[in-house]
Amino acid sequence: QEQLVESGGGLVQAGGSLRLSCAASGFSFSAYAMAWFRQAPGKERKFVAGISWRTGVTHYSDSVKGRFTISRDNAKNTVYLQMNSLKPEDAAVYLCAASRNWVDVQTSPRYWGQGTQVTVSS
């Protein structure tokens, strides 16, 4: 079965850093574009960062640009999100997602993980 499992979430003070990981299984990871989304309580899910499967091209939402970095290790079937200079507004459940193309991974991913909680205290 296709599966995405996130890890690395937790509690951090504002200005701190966290590194999230997403382990994929059950599909050809290297042929899929990957992305991170986040959803705060009572708010809609928002795109955070994405990375293509072919060239490693990345895209970030304006709110995290310059602070977050998405990367992938195809040998380990894992995508990462390095989060620096965290702000209270970054607090949310972070979800990993996968799609066959660069456009769909940012709008309607095929596969979703269950999410990992990130809490930022001030």
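**Exercise 1. The disulfide link**

Determine the handedness of the link between Cys22 and Cys96 in this predicted model, and state which parts of the chain the pair ties together.

*Solution.*
Step 1. The angle about the S-S bond is -85°, and the link of Cys22 and Cys96 is accordingly described as left-handed.
Step 2. Cys22 belongs to strand S3 (residues 18–25) and Cys96 to strand S9 (residues 92–99), so the disulfide ties together parts that lie 74 residues apart in sequence.
Step 3. The sulfur atoms of Cys22 and Cys96 are 2.1 Å apart, and a disulfide requires a pair of cysteine sulfur atoms within 2.5 Å.
Step 4. The structure holds one disulfide.

**Exercise 2. The surroundings of the two cysteines**

Decide whether Cys22 is buried or exposed, and do the same for Cys96.

*Solution.*
Step 1. The cut-off for a buried residue is under 20% relative accessible area.
Step 2. Cys22 has a relative accessible area of 0% and is therefore buried.
Step 3. Cys96 also counts as buried, because its relative accessibility is 0%.
Step 4. For the chain as a whole, buried residues make up 44% of the 122 residues.

**Exercise 3. Strand S11 and its partners**

Identify the covered face of strand S11 (residues 116–121), and establish how S2 and S9 run relative to this strand.

*Solution.*
Step 1. In a regular strand, side chains alternate between the two faces of the sheet.
Step 2. In S11, Thr116, Val118 and Val120 form the covered face, whereas Gln117, Thr119 and Ser121 form the uncovered one.
Step 3. Strand S2 (residues 10–13) runs parallel to S11, and four bridges join the two. Within this pairing, Gly10 has Val118 of S11 as its bridge partner.
Step 4. S9 and S11 run antiparallel and are joined by three bridges. Tyr94 stands opposite Thr116 in S11.

**Exercise 4. The chain as a whole**

Describe the order of the secondary-structure elements, then assess the compactness of the chain from its radius of gyration.

*Solution.*
Step 1. The chain contains one helix and 11 strands. From the N terminus, the order is β-β-β-β-β-β-β-β-β-α-β-β.
Step 2. The radius of gyration is 13 Å, close to the 14 Å that the globule rule gives for 122 residues, so the chain is as compact as a globular protein of that length.
Step 3. Along the principal axes, the C-alpha atoms fill a box of roughly 40 × 25 × 25 Å.
Step 4. Of the contacts with a separation of 6 or more, 57% involve residues 24 or more positions apart.
Step 5. The chain exposes about 6300 Å², of which carbon and sulfur atoms supply 47%.

How values were computed. Residues numbered from 1 in each chain as written. Predicted model: local features only at pLDDT ≥ 70, side-chain atom pairs only at ≥ 80, totals over all residues. Heavy atoms only, no water. Buried < 20%, exposed > 50% of the residue type's maximum accessible area, 1.4 Å probe, protein only. Pairing = 2+ DSSP bridges. Rg over C-alpha atoms; globule rule 2.2 N^0.38 Å. Contact = heavy atoms within 4.5 Å. Areas by Shrake-Rupley, 256 points an atom, 1.4 Å probe, with all protein chains shown as cover.
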